[in-house]
Structures are given as C-alpha cells and as structure tokens.
Amino acid sequence: MNARINLKTIWPPLLGLVGAFLTAVAVAGYIMQAPMDDLKALVQFLLTSSVPSLLIGYLVFVMGRKWLSSIRYKVLLAYGLGVVITLVNVYVTSQLMFVSPHDFLLLGLLLLFAGILSASFGYLLASSMTQSLSLLQQGAQKIAAGNFSARVKIEEVDELADVAQAFNKMADELQQSFARQKTLEQARRDLIAAVSHDLRTPLTSIRAMIEALADGMVTDPTDVQRYYGTIRSQIENLSNLINDLFELSKLETEHVQLQLEPVDLNDLLSDVLETMQVQARAKGVLLRGGVFSEDLPLIPAEPAKIQRVLYNLVQNAVQHTSAGNAITLTAKTTPDGVQVDVIDTGEGITPADVPHVFDQFFRGERSRSRETGGTGLGLAIAKRIVEAHQGRIWVDSQVGQGTQFSFVLPTS
C-alpha cells in the first residue's frame, strides 16, 4: 500500500520533469537552432542533473511533509525545493551553455529572486487555503458542540468552497434531524402522558366500584347492577384503547402489508350506514346516504381497513353532532380517484383545532375529557390507513355550521 501511495504522489514531479525536459529540448532545437552536438550535450546534462535532484527533492519533501504541521510551511517547502532543484540544474547545464562564471552568477541571482517572489505568492495561496480550512474547522467544532445552526461561508470559488457547501448541506440535514428528534421525543412524552391518563381514569373508577361492592357499601340490587354495568363499560373502554394503540403502532411502523383486492366503496358505505344507524338514532341524529355514484370505479384496497376508516369518521361525526341534526355520506369520482365525504351539521371545529384533529389523543378543547366518548385515536388511525393506501384525507369545518371529513383513494 505504501509503495502504491509513493508512486501516486511522485507522478506530479515526474510529469513536470518530463514536460520541462521536452520543452527545453524543443526550444533549443527548433527555436534557438542549436547544433546537434549541443543538443546531445544538453540532453546528457539535463538527465545527469535532473533525475538525481528530483529524487532527492522528493525524499526531502516527503520527510518534511510529515514533520511540518502547517499548510503554509508545506507550500513554502515545495516552492523552496523547486528553486533549489532549478539552481542545481542551471549550474550543471551552464557548463555547456556559458563560458563566463559571471553570467552564471547573474542568472542564478535572477532565478533566486524569481524563486523568492514565487514562494511569496505560494505563501499567499497557502494562507488563503488555511483561512478557509480554519473556517471549516470552527464550523465543525460548533456542530460538535451542539450548535446545529452553524454555517461556513467561504468567498472563494474552488474545491474548498465546494467542501463548505457540502458542510452546510450536512449541517442543514443535522439541524432538521435534530428538530425531528425533538419533535418525536415530545410526541413520545405526550403519548405516554395521554396513555397513562386514559388508562388510569377507568382503572381508578373500576377499582373504586369493586372496593365498594367488596366492602358491602353497595347492597341494593339496582345499584349493584348499575355498578356492574359501569365496570363493564369501563373495561370495554380499556379494551378499545388497547386495540387502537395496537392498531396505531402497526400502522406507524410504515411496513404495513395490505391485502389488496378490488373494492366497491358503495358496498362499504351501505354497510357502515346500516351498522351505525342504531348509535345515530340513540342520539337523535339522522344518518343518511347522499349522492352515491353508481358507476364508481373499483379501488385496490383492504376492505376491513377502509371500513374501519368509514366507521371511525361516522362515529366521530355522531359524537359531535347534537340531536336533531344530520350526517350525510357521499361518494364520487375525482381526477385523483374515488372521494368519500362524511358531512355533519354539528358543532364544528375551531380554526385553532383543525390542524390537530388527526393527532393522537386530540379531543379539542376537551382533550382530557371523555364526555364525547372514543379513545382520541380514531382519526389518527383513519389518516394512517388512508395514507397506507396512497390516499389523502382532510377536513373542512366552520364553527356552528358543521364539519366535512373527506378522503380520496387512487384507483390504481
């Protein structure tokens, strides 16, 4: 591996040597019209001086690069070696080109002057690179310290600017990921608090009534039956909550395996209307079917899950619609697929609550109250089922006028 690395790193100076050698010979032969004997002598002297000086310079650079800790000094080392190698080769070849030592001394001074001037520009370049790298280092340290808003601004237009752009993109992703993590953590805490509350409330009620029955505090047969009925109702609430949590956890894994088959939504709507009539009549609410397109195309779906969506939406409408009002179900074809609307003339939803109706355990202003029934998970489950079918669900509502829940499922 080391040998391969050394060969790769020595290629630039080797190519420079070959280029300089060919250029010198071409200038001497074609421009200066040097005699053949002088050309042969020039080639001999160049080969004699350049190859050893190149190898020695390369070894010095490799050793110095390991010891020097600053890009500035490494650049100065590279420029300095170039000047020294040039002076050595000029000295050797001057034996052929010049007769007077005075001419060689003058040329050497000019080359030294040019080398120092070139090294100063090299130092300027290295300083610019070092400044850019320092900005990148400071940005990385801020990110490591938890400041995900840190960004690096480099005015240059080079590879380091590309690195800074990639760094800023990485910082954006980290900031968004951290924000999502905080949101998920807060959602997890809210979920635990909500589940704890919704489990604790019925359990406390059940325990109190069982203790009253066990201690003989309630002996009247009518009261005893009422207590048993209340206990049974609370147990059903707990069972529904656990089932909804289990269903929601499966949907949120995003690995839902749907058993798709062609489904006629008209049939599902008719079944839901028939099933929910008893609950609607008990509350004095009129549940009816509106406009059903007879030529609705079949949709690929899992019937039980889509029926769960319809059931949750209608049950939610019944819970929030007062006696004497109506709930209407409609279905129609749209460019996006088949759309179903559940429209009620109930109390409506406040504008502040509309964005949260599909959140887990959200029950509006009465979020911790059970007076409207349900677990607070029905709409969240409906949303995830529709999205698992590549569909879309939304709500439109006006306070005091009613609410319309709609979802659309693609036909393919």
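1. In this predicted model, strands E5 (residues 337–344) and E7 are paired in the antiparallel sense, with seven bridges between them. Two of the facing positions may be named. Val342 has Phe405 of E7 as its bridge partner, and Val340 stands opposite Phe407 of E7.

2. E5 also pairs with strand E4 (residues 326–334), again in the antiparallel sense and over eight bridges. A hairpin of two residues joins E4 to E5. Within this pairing, Ala331 stands opposite Val340 of E5. Val340 therefore deserves inspection from both sides by the definition of strand pairing: Ala331 faces Val340 in the E4 pairing, and Phe407 of E7 faces Val340 in the other.

3. On the remaining side of the description, strand E6 (residues 392–398) runs antiparallel to E7, and seven bridges join the two. E6 and E7 form a hairpin with three residues between them. In that turn, Gly400 has a positive phi of about 85 degrees. Arg392 of this pairing stands opposite Val408 in E7.

4. The burial of two of these strands should be noted. Seven of the eight residues of E5 are buried, so the strand is largely enclosed by the rest of the structure. E7 (residues 402–409) is likewise mostly covered, with seven of its eight residues buried.

5. The count of aromatic pairs comes to two. One of them is formed by Phe358 and Phe405 in an edge-to-face arrangement, with 6.0 Å from centre to centre and 90 degrees between the planes. This pair links distant parts of the chain: Phe358 lies in the loop between E5 and helix H9 (378–388), whereas Phe405 belongs to strand E7, and 47 residues separate them. Phe358 and Phe405 are both buried. Phe405 is also the bridge partner of Val342, and a reader tracing the E5–E7 pairing will therefore meet Phe405 there, given that pairing is defined by bridges.

6. Which ring does the charged end of Arg392 sit over? The ring is that of Trp394, and the charged end of Arg392 is 4.2 Å from its centre. For Arg392, this contact may be read together with the position of the residue opposite Val408 in E7.

7. A general remark may help in viewing the strands discussed above. In a regular strand, side chains alternate between the two faces of the sheet.

Notes
Residues numbered from 1 in each chain as written. Predicted model: local features only at pLDDT ≥ 70, side-chain atom pairs only at ≥ 80, totals over all residues. Heavy atoms only, no water. Buried < 20%, exposed > 50% of the residue type's maximum accessible area, 1.4 Å probe, protein only. Helix = DSSP H or I, 4+ residues; strand = E, 2+ residues; numbered from the N terminus. Phe/Tyr/Trp six-rings, centres within 6.5 Å; stacked < 30°, edge-to-face > 60°. Lys NZ or Arg CZ within 6 Å of the ring centre and 35° of its normal.
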